[in-house]
Amino acid sequence: MSQQDEIIKYLNKNGGQITSKTTNSMGISSRVLRNMYAHGQLERLAPGVYIDPLEFGDDIAALQYRLSKGVFFKDTALFLYGMIDRTPSTYEMNFPLPYAYSTKTNAPIKIYRQKKELYEIGITTTKTPGRHPVKVYNIERTLCDILRARDRSDAETIKQAMNSYVHRKGKNLHKLMEYARIFKVEEEIRTYMEVLL
């Protein structure tokens, strides 16, 4: 099997995406990727991230590939969970301090950084609308994040998210209150839950 065939086989298994990092670990020359890109067999989604041109491009998954330590945060997490009815104009990602990231991105992204012990609370995965897995905070953590004073989400988003949560199967009120204490939004969370439940 040629290196090009190996790339095509990988694309078919991986939702049409491949990274130069992956091809290196497969022992495939980066020249093969560049050659396929030059001949229109691949499209470049982001530096080092390529897709099958027949596959729908996925901005959120591309950001995750490029910024692998990032966790989708706040309104972006709500969107991924289907808890708000609009696509965010700017994607929000959280990183551990003292993570240094490249600002050379033309993607509409807002970057946050937190102490490692806070950054690590509630990380899970979900799928993008393009069906690619990405890192995101769980729903309970996300509800606490949107209420925090610094860069708080707008009132309409908060109301919509809280309403969506109370009607959701599998909600974990115990975990929600535990996170609310950690992130110092206990009173507000309790008020919303008392009104809505």
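Here is a short chat between two people about this predicted model.

Colleague: Which cut-offs apply to local features and side-chain atom pairs in this predicted model?

Modeller: Residues are numbered from 1 along each chain as its sequence is written, and side-chain values use heavy atoms, with hydrogens and water left out. Totals for chains, interfaces and linings use all residues, but local features need pLDDT of at least 70 and side-chain atom pairs count only at pLDDT 80 or more.

Colleague: OK, how far apart do the C-alpha centres of domain 1 and domain 2 lie?

Modeller: Domain 1 runs over 3-55 and domain 2 over 68-196, with bounds from an automatic or database domain assignment. Between their C-alpha centres the distance is 32 Å.

Colleague: Which residues touch the most other members of the largest nonpolar core?

Modeller: By nonpolar core I mean buried Ala, Val, Leu, Ile, Met, Phe, Trp, Tyr and Cys residues joined through side-chain atoms within 4.5 Å. Buried is under 20% relative accessible area, exposed is over 50%, and partly exposed is in between (1.4 Å probe, protein chains only). The largest core has 37 residues, and those touching the most other members are Phe72, Leu143, Cys144 and Ile189.

Colleague: And which elements give two or more residues to this core?

Modeller: Helices (H or I, at least four residues) and strands (E, at least two) are DSSP runs, numbered from the N terminus. On that basis the contributors are α4 (59-66), α5 (74-80), β5 (91-96), β8 (133-137), α7 (139-147), α8 (155-166), α9 (173-182) and α10 (186-196).

Colleague: What does Leu143 touch, not counting residues up to four places away in sequence?

Modeller: Contact here means heavy atoms within 4.5 Å. With that cut-off, Leu143 touches Leu78, Met83, Ala161, Met162, Tyr165, Leu176 and Ile189.

Colleague: Within what arc do the buried residues of α8 fall, seen down its axis?

Modeller: The buried ones are Thr157, Ile158, Ala161, Met162, Tyr165 and Val166. They line one face of the helix, because seen down the axis they fall within an arc (taken from the directions from the helix axis to the C-beta atoms) of 155 degrees.

Colleague: Which elements do those buried residues of α8 pack against?

Modeller: Ala161, Met162 and Tyr165 of this helix are buried, and Leu143 touches those three. Taking the buried residues of α8 together, their packing partners are α5, α7, α9 and α10.

Colleague: How far apart are the end C-alpha atoms of α8?

Modeller: The expected span is 1.5 Å times one less than the number of residues. For the 12 residues of α8 that should give 16 Å, which agrees with the end C-alpha distance of 17 Å.

Colleague: Is Lys74 buried or exposed?

Modeller: Lys74 lies in helix α5 and has a phi near 50 degrees, a positive value in a residue other than glycine. Its relative accessible area is 2%, so Lys74 is buried.

Colleague: Then Lys184, buried or exposed?

Modeller: Lys184 is not a glycine either, yet has a positive phi of about 60 degrees. Its place is in the loop between α9 and α10. Relative accessibility is 73%, so Lys184 counts as exposed.

Colleague: Last one: which residues is Asp75 in contact with, leaving aside neighbours within four places in sequence?

Modeller: Asp75 lies in helix α5, and at 11% relative accessibility it counts as buried. Its contacts are Ile84, Arg86, Pro88, Glu92, Ile146, Ser153 and Thr157.
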